[in-house]
Amino acid sequence: MYKPVNSYYWTWAVLCCLIAGCNKPGNAPGNSVPPPPPTATGIPYWLTTGDKSNLLSRQTTALDFGSSSSSLPVITVDSTQVFQPVDGFGYTLTSGSAQVINQLAPAEKNALLNELFGSGENSLGINILRIGIGATDLSASVYSYDDMPAGQTDPSLLQFSLSPDQSALVPLLKQIVLVNPSIRLIATPWSAPVWMKDNNNTVGGSLIPAYYTVYANYFVKYIQAMQAEGLAIYAITPQNEPLHPGNNPSMYMTAVQQASFIKNNLGPAFNAAGITTKIIIYDHNCDRPDYPLDILNDAAARAYVDGSAFHLYAGNITALSQVYAAYPGKNIYFTEQYTPTTGSFAGDIVWHLRNVIIGSMRNFSRIALEWNLATDPSYGPHTNGGCTTCLGALTIGPGTVTRNVSYYIIAQASKFITAGSVRIASDDYGNLYSAAFLRPDGKKVLIVLNDDASALVFNIKFKNKMLASTLPGKAVATYVW
């Protein structure tokens with residue numbers, strides 16, 4: 001942990017340094033001379049360190065911009081260079097998450113929801129949630145909203161019902177909306193009802209073409225049913241991880257199939273029903289940018305598409321920029337990344353800040369979402385065959401709430417970057433990675449990650465003025481001015 005020292009020490013150190021020639025050529029910038037003490041007016045910043053000695057901790061060190069120059073590494077923030085709008089940060093709220101959160105006593109649950117979704121000084125300000133259309137693999141059981149006995153079908157969707165989620169997910173979402181009425185919900189199916197699939201199974205298989213129109217109407221009914229509950233669905237993706245048919249539930253959907261479904265069925269069904277919910281394609285790994293590009297290359301499908309969504313279990317985060325460059329009029333979204341039970345706090349805080357938060361933002365994403373919001377101490381609930389090593393942002397046991405690494409990954413951004421912000425220019429420098437934002441209130445937010453093992457001293461430059469800061473190794477700081 002970096003601790004401030006008093007001004008007498010700084011004065012003596014700087015005088016000794018000048019006499020000894022600490023800044024002569026050959027001394028390594030960023031590792032030799034500590035910065036002069038900042039003035040007392042103070043620019044606030046919040047720190048999380050890999051050793052957990054700081055967890056979203058507001059620092060008492062006073063920082064301020066001055067006019068002096070330095071040979072330290074410089075991260076320049078330029079608010080005249082504006083990139084994509086930023087909608088927000090959050091998690092997937094699975095029905096399993098809802099189940100464990102609902103086990104808290106009413107007062108504890110209310111306090112937690114305000115901590116997560118509120119806008120106060122002690123809140124994270126989460127404003128995006130991804131939810132399942134039916135079960136995810138982190139649900140207690142597998143279900144859709146139109147399950148039928150074996151051998152039976154329901155092409156008119158007469159049996160459609162939200163009832164599997166009426167006891168946990170829907171009531172919790174209503175409570176969250178009361179805390180944050182502006183929260184945006186992105187909804188995703190892990191599978192169509194099995195009677196619509198060619199293998200009649202919750203795992204794998206593909207949507208039977210004869211049921212494309214029925215499945216489009218399934219989405220319409222879902223959006224209308226949620227709206228009747230007071231829950232507006234901001235966007236949907238047609239399929240979670242369409243190239244991963246081994247999960248339970250899951251469904252395989254090629255780019256050709258997804259393009260056909262969107263242009264011939266889903267898009268027209270939304271238009272006919274007057275639904276303005278956005279359609280976001282792909283929702284899978286960065287190793288296959290060809291998938292969303294193939295859909296966007298189809299002009300008829302492209303007309304219905306708002307943008308493309310990505311995960312990063314394979315590939316490189318720069319794939320987002322590749323798709324954005326081909327179709328800059330279409331939005332980019334980062335919608336899932338998990339933290340494993342086998343991971344380390346230091347390793348995960350660095351990797352996720354570098355890729356999911358800073359990386360996705362620097363590659364034009366409007367959002368950054370981690371995976372599951374909450375699990376029980378046994379990493380459940382999950383389906384038979386679902387993820388057994390997914391560490392929730394929260395672990396909730398009887399009367400206890402433990403905040404895990406992805407809580408802090410998201411918090412370093414969500415607490416400070418409000419909806420309606422825009423990304424602005426900032427530099428990377430060696431093992432220092434950054435992303436900068438301009439908020440609607442005019443304040444600037446800078447996230448800096450130190451991926452080095454050692455502490456680094458650097459300057460932040462804005463409008464020809466600089467401040468110096470020290471960031472411990474394997475740590476992240478968020479600055480606001």
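Colleague: What makes strands β13 (residues 374-375) and β15 a pair, and in which sense do they run?

Modeller: First, a word on what we are looking at: this is a predicted model, where local features need pLDDT of at least 70, side-chain atom pairs count only at pLDDT 80 or more, and totals for chains, interfaces and linings use all residues. Residues are numbered from 1 along each chain as its sequence is written, and side-chain values use heavy atoms, without hydrogens and water. Now the strands: two of them pair if DSSP finds at least two bridges between them. β13 and β15 have two bridges, so they pair, and the sense is parallel. In one of these bridges, alanine 374 is the partner of leucine 394 in β15.

Colleague: How many bridges join β15 to β16, and in which direction do these strands run?

Modeller: Four bridges join β15 to strand β16 (residues 400-403), and the two run antiparallel. Glycine 397 stands opposite threonine 400 in β16. The two strands form a hairpin with two residues between them, and glycine 399 in the turn has a positive phi of about 70°.

Colleague: How do you know where strands and helices begin and end?

Modeller: They are DSSP runs, numbered from the N terminus: H or I over at least four residues for a helix, E over at least two for a strand.

Colleague: Which residues lie on the two faces of β15, and are they buried or exposed?

Modeller: Leu394 and Ile396 are on one side of β15 (residues 394-397), Thr395 and Gly397 on the other, and all are buried. Buried means under 20% relative accessible area, exposed means over 50%, and partly exposed is in between, with a 1.4 Å probe and protein chains only.

Colleague: Why is helix α11 called largely enclosed?

Modeller: Ten of the ten residues of α11 (residues 405-414) are buried, so the rest of the structure largely encloses this helix. Among them are Val405, Tyr407, Tyr408 and Gln412.

Colleague: Why is proline 289 counted as buried or exposed?

Modeller: Its relative accessibility is 11%, so proline 289 is buried. This proline is in the loop between β8 (278-286) and α7 (290-296). Setting aside neighbours within four places in sequence, proline 289 is in contact (heavy atoms within 4.5 Å) with Ala319, Gln322 and Val323.

Colleague: What about lysine 52 and lysine 474: what is the sign of phi in lysine 52, and what is it in lysine 474?

Modeller: Lysine 52 has a positive phi of about 70° although it is not a glycine, and phi of lysine 474 is near 55°, also positive. Lysine 52 sits in the loop between β1 (45-49) and β2 (57-58), and at 48% relative accessibility it counts as partly exposed. Lysine 474, in the loop between β21 (465-471) and β22 (475-480), has 29% and therefore counts as partly exposed too.

Colleague: At what angle do helices α3 and α4 cross, and what is that arrangement called?

Modeller: The axes of α3 (residues 106-117) and α4 (residues 169-179) come within 9 Å and cross at roughly 55°. That makes α3 oblique to α4, because angles under 35 degrees count as roughly parallel, over 145 as roughly antiparallel, 65 to 115 as roughly perpendicular, and the rest as oblique. Lys109, Leu113, Asn114 and Phe117 in α3 meet Leu172, Gln175, Ile176 and Val179 in α4.

Terms used. Axes are lines fitted to C-alpha atoms, for helices over the stretch in contact, and angles run from 0 to 180 degrees between N-to-C directions.
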